[in-house]
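Here are a few exercises to work through with the model open beside you. Try each task before you read its solution.

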Amino acid sequence: MSQDACNGRVEILADAEAVAVAAADFLTAQAVAKQGPFVIALSGGSTPKRLYEILASSAYASRFPWDRVQLFFGDERFVPPGDESSNYHMTNLALLSKVPVPSANVHRMPTDGDPADAAARYQRELHTQYGAVTLESGRPLFDVVLLGLGENGHTASLFPRTDILQETQAWVGTCVPDDAPHTRLSLTYPAIASSRFVVFLVAGAGKADVVKAVRGGDTDLPSTHITTDGELIWMLDKAAAGTVSNG
Ligand SMILES: O=C(O)[C@H](O)[C@@H](O)[C@H](O)[C@H](O)COP(=O)(O)O
């Protein structure tokens with residue numbers, strides 16, 4: 001299967017909490033069913049944060065195969081790991097500090113030195129995980145890539161009008177948004193596409209217009225160009241879905 005942001009399946013849930021619960025159920029079921037390493041690219045954002053808190057709760061944490069999970073990040077602000085705006089910091093507080101995941105299985109994006117060099121170092125870490133430096137069709141890098149959606153159409157740190165959108169080879173790049181703070185590191189389109197599942201988690205009425213535009217194929221929006229070799233799922237709450245329907 002191969003899907004993109006326009007033709008992916010839509011699941012509409014009651015509210016943001018229901019989106020986070022549905023995502024926790026989905027991740028747990030996929031992780032338990034998989035033999036061997038289960039590789040996730042985590043997202044920043046408010047709905048993923050709630051998802052991480054739910055995964056850390058005893059009902060979920062006791063079922064999750066923490067020893068087999070490999071946790072990577074989809075993007076990161078180029079700030080120290082303890083900074084309030086760091087995705088690692090948020091994920092650590094909500095999840096990593098509360099579950100028995102081996103520290104060797106947590107792959108934080110480096111945010112020291114030169115950003116381009118840090119991106120190259122993270123790419124090498126992904127090469128090691130994958131066991132090759134070239135992506136092969138039929139052998140995905142990630143089991144699940146979690147993504148949010150910004151009101152300006154960005155996802156991960158693929159922001160409008162930035163050079164990383166043109167990247168066709170590298171797996172990780174840098175991004176300097178003109179409409180948001182911080183230099184970022186982000187997975188690129190080809191890295192995200194090498195996945196069994198891409199799951200967008202989007203909640204709130206403020207996202208309804210951009211959800212409609214991405215689903216409608218607005219090519220100015222970075223999220224419209226997200227593809228996966230596997231299956232793409234939109235988990236939306238009713239407010240974010242607006243006029244977009246299930247299916
Ligand atoms: O680090 C981040 O903030 C993200 O990776 C970013 O892409 C986010 O997912 C969207 O901006 C949506 O964020 P919300 O879900 O909080 O609106």
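**Exercise 1.** At what angle do the axes of helix α2 and helix α4 cross?

*Solution.* First, some ground rules: this is a predicted model, where local features need pLDDT of at least 70 and side-chain atom pairs count only at pLDDT 80 or more, while totals for chains, interfaces and linings use all residues. Residues are numbered from 1 along each chain as its sequence is written.

Step 1: find α2 at residues 46-56 and α4 at residues 87-96. Helices (H or I, at least four residues) and strands (E, at least two) are DSSP runs, numbered from the N terminus.

Step 2: compare the axes, which come within 8 Å and cross at roughly 30°. Axes are lines fitted to C-alpha atoms, for helices over the stretch in contact, and angles run from 0 to 180 degrees between N-to-C directions.

Step 3: put a word to that angle. It makes α2 roughly parallel to α4 (angles under 35 degrees count as roughly parallel, over 145 as roughly antiparallel, 65 to 115 as roughly perpendicular and the rest as oblique).

**Exercise 2.** Work out which residues of α2 and α4 meet.

*Solution.* Step 1: on the α2 side, pick out Lys49, Tyr52, Glu53, Leu55 and Ala56. Step 2: on the α4 side, they meet Met90, Thr91, Ala94 and Leu95 (contact: C-beta atoms, placed from the backbone, within 7 Å). Step 3: sort them by class, and you get 6 nonpolar, 1 polar and 2 charged residues (Ala, Val, Leu, Ile, Met, Phe, Trp, Tyr, Cys and Pro count as nonpolar, Asp, Glu, Lys and Arg as charged, and the others, Gly among them, as polar).

**Exercise 3.** Trace the open sheet of 6 strands and find its edges.

*Solution.* Step 1: read the order, β2-β11-β9-β6-β3-β4, with parallel pairing (two strands pair if DSSP finds at least two bridges between them). Step 2: β2 (9-13) and β4 (69-73) are the edges, each with a single partner strand, so one side of each has no neighbour in the sheet. Step 3: from one strand to the next, the twist averages 20°. Step 4: zoom in on β3 (residues 38-42), which pairs with β4 over 5 bridges in the parallel sense. Ala41 stands opposite Phe72 in β4.

**Exercise 4.** How many residues surround the ligand?

*Solution.* Step 1: count 14 residues around the ligand (near: C-beta atom, placed from the backbone, within 6 Å). Step 2: the closest are Gly44, Gly45, Ser46, Gly148 and Gly150. Step 3: by class, this shell has 2 nonpolar, 11 polar and 1 charged residues.

Technical notes: Contact = placed C-beta atoms within 7 Å.
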